[in-house]
Each structure stands twice: as structure tokens, then as C-alpha cells.
Amino acid sequence: HTSQPTVGVFSLLLRKRSLLEEMSLVGEEMWRNGPRPGGLYPMAAPVAQTAADPVTHTSQPTVTGTGVLGIQTAEGVIIASDMLGSYGSLAKLRSVSRLTSVGNNTVVGGGGDLADLHYIHRWLEELKLENDYHDDDVPLDAEGIHCILTRVMYNRRSKFEPLWNSLLVGGFHEGKSFLGYVDKLGVAYKDPLIATGYGSHIALPLMRSAMEANPTMTLEQARVLIEKCMCVMFYRDARAYNRYQIATVTAEGVTISEPKEAATNWEIAHSVRGYE
């Protein structure tokens, strides 16, 4: 009577043992190239890059910003950009400032790769500190910074490691305003009206029409115009965003506004035809 339960328990133990052995074999296969639970993993020493390995650089931007707009008047310069960082078609970052002040009389705004733009911003800060260390009463002005950036961008392009940005440099020095452009190839020019990216197709015609109708445009009129252009950019540019900043450079100094939002009206969307 008592032998049958003993045999049953013994068979259960044998079965359990065989299952554990099978699980052990599966576990060995599962954790072959990695750490076992609760164990330590010996990290391999890093492999040094040899001379035969190819040198690789950024071949295309990753997280990007769209166009930047700039207007130059006799009173000063206004530069505007939205605050969106796009990862492809994904609106990934929605509060990224793409405007930075350099000293008390210059603003630099940029579109393109945001990582490269932040690198340029940090480099400009170091340039400003180095100039301050000399203490020679020779400030960095917008025209000088624009000239330096043309050399930096062309140098990086010549090394096949370009900074993937289009930059606007605006400033006011010794009673004169300045607005210049430089891109990743080192192409540079000065103009009273500049737009980068898709803005050169959408906003620049609007700004030129307004400037032709009012050649002596005041700074306040330029602000109204650039806000209108930022609204149109939001309507028409798929990578634009209705959250933007405006930088103003005058004889009094640099002012970068808090984030703004344009008043939009999408009731006109039904009248758009030809894009179906």
C-alpha cells in the first residue's frame, strides 16, 4: 500500500530533474554571449581604430530646424526663427531656441542640423571670451563675426566635414546695421532681406514686395512684416511651427523675445486646391 506513493514521488522527482536539465541547456544557449541573471559580464577591451578603417563624417542632418528670416533697416536688424526641431517628419523638439547673442551688438540665427548649430553657438561663446581676455577695447562686431564664420564654414567644407547649417548674422555697430548670410559651403553675402530654407521661396517674396513699397521701413514695421511671414511659414512649411522667437538688434543692444504664437485661421483651408 505504501510502495505506490513512493514510486509516484520518485517518478515525479526524475521528471523534475530532466526538466531542470533541459531548462539549463536552454539557459546556456540563451545567455551564451551575455551576462547571466545575477552574474558579472567581462567587458571586452575597446578595439582601437586602425589606419585602414575609413574615416566617417555626418553625411546628412538628423534633427533639423527650418528657415530663418532677417530684415535690415536703418534703425537695426530683426531676425526670427521658429522653435521646432524636426526628426525627419516627426516634430520631436518644440522649444529649441535657434537664436543666440554674441556680445552686445550681434545675433546669430541658424537653420539645419541642430547639433551643429549648438556647436557653433558654443564656439562663438568661446570666441567672445577669448576676445574679452585681450581687453583691448576692440569688440566683436557683426561684420567681423560674419567674416570669421565664412572661413570656418568653408574650412569644414574643405575637410569634407561640413557644418550642416545656414546662418544669419545681424548686428548694429558704430551707427550702422548689418545683415549677412553664410551656408555650409562657405557661400556668403550681405543683403537687407534674407531668408533661409523654405522661407526663401515663401517668405522672401513677401518681404521684397513690402520693402519695394516702403524702402524706408521702420523697425516696428519690419517687426509686423516678419510676424506676418512667420505666420505664412507656419501655414505653408510642413517643418515650421507656430512658436517662434524674434531677435532685435539696435544701438541699445540685443533683445531676444520670449516665445510667441501667431494668430492663425484655418477656415480658409477648404479653399486650397491642387494638392489632393
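Reader: What makes the strands β11-β2-β3-β12-β13 an open sheet?

Author: In this predicted model, 5 strands, taken as DSSP runs (E, at least two residues, numbered from the N terminus), stand in the order β11-β2-β3-β12-β13 with antiparallel pairing. Its edge strands, β11 (193-195) and β13 (253-256), each pair on one side only. Neighbouring strands of the sheet are turned by 10° against each other on average, direction ignored, with axes fitted as lines to C-alpha atoms, for helices over the stretch in contact, and angles running from 0 to 180 degrees between N-to-C directions.

Reader: How do you know that β12 and β13 pair?

Author: Two strands pair if DSSP finds at least two bridges between them; β12 (residues 244-250) and β13 have 4 bridges in the antiparallel sense, so the definition is met. Thr248 stands opposite Thr255 in β13.

Reader: Why is helix α4 said to pack on the sheet?

Author: Helix α4 (residues 199-213), a DSSP run of H or I with at least four residues, touches β2 (68-72) and β11, where contact means heavy atoms within 4.5 Å. The direction of α4 makes about 165° with that of β11. Helix α5 (residues 219-236), in turn, lies across β2, β3 (77-82) and β12, and runs at about 20° to β3.

Reader: What makes β4 and β5 a hairpin?

Author: Strand β4 (residues 85-87) and strand β5 (residues 90-93) pair in the antiparallel sense over 3 bridges, and 2 residues lie between the strands. Tyr87 has Leu90 in β5 as its bridge partner, while Gly88 takes a positive phi near 70°.

Reader: Which residues and atoms count here?

Author: Residues are numbered from 1 along each chain as its sequence is written, and side-chain values use heavy atoms, leaving out hydrogens and water. Local features need pLDDT of at least 70 and side-chain atom pairs count only at pLDDT 80 or more, whereas totals for chains, interfaces and linings use all residues.
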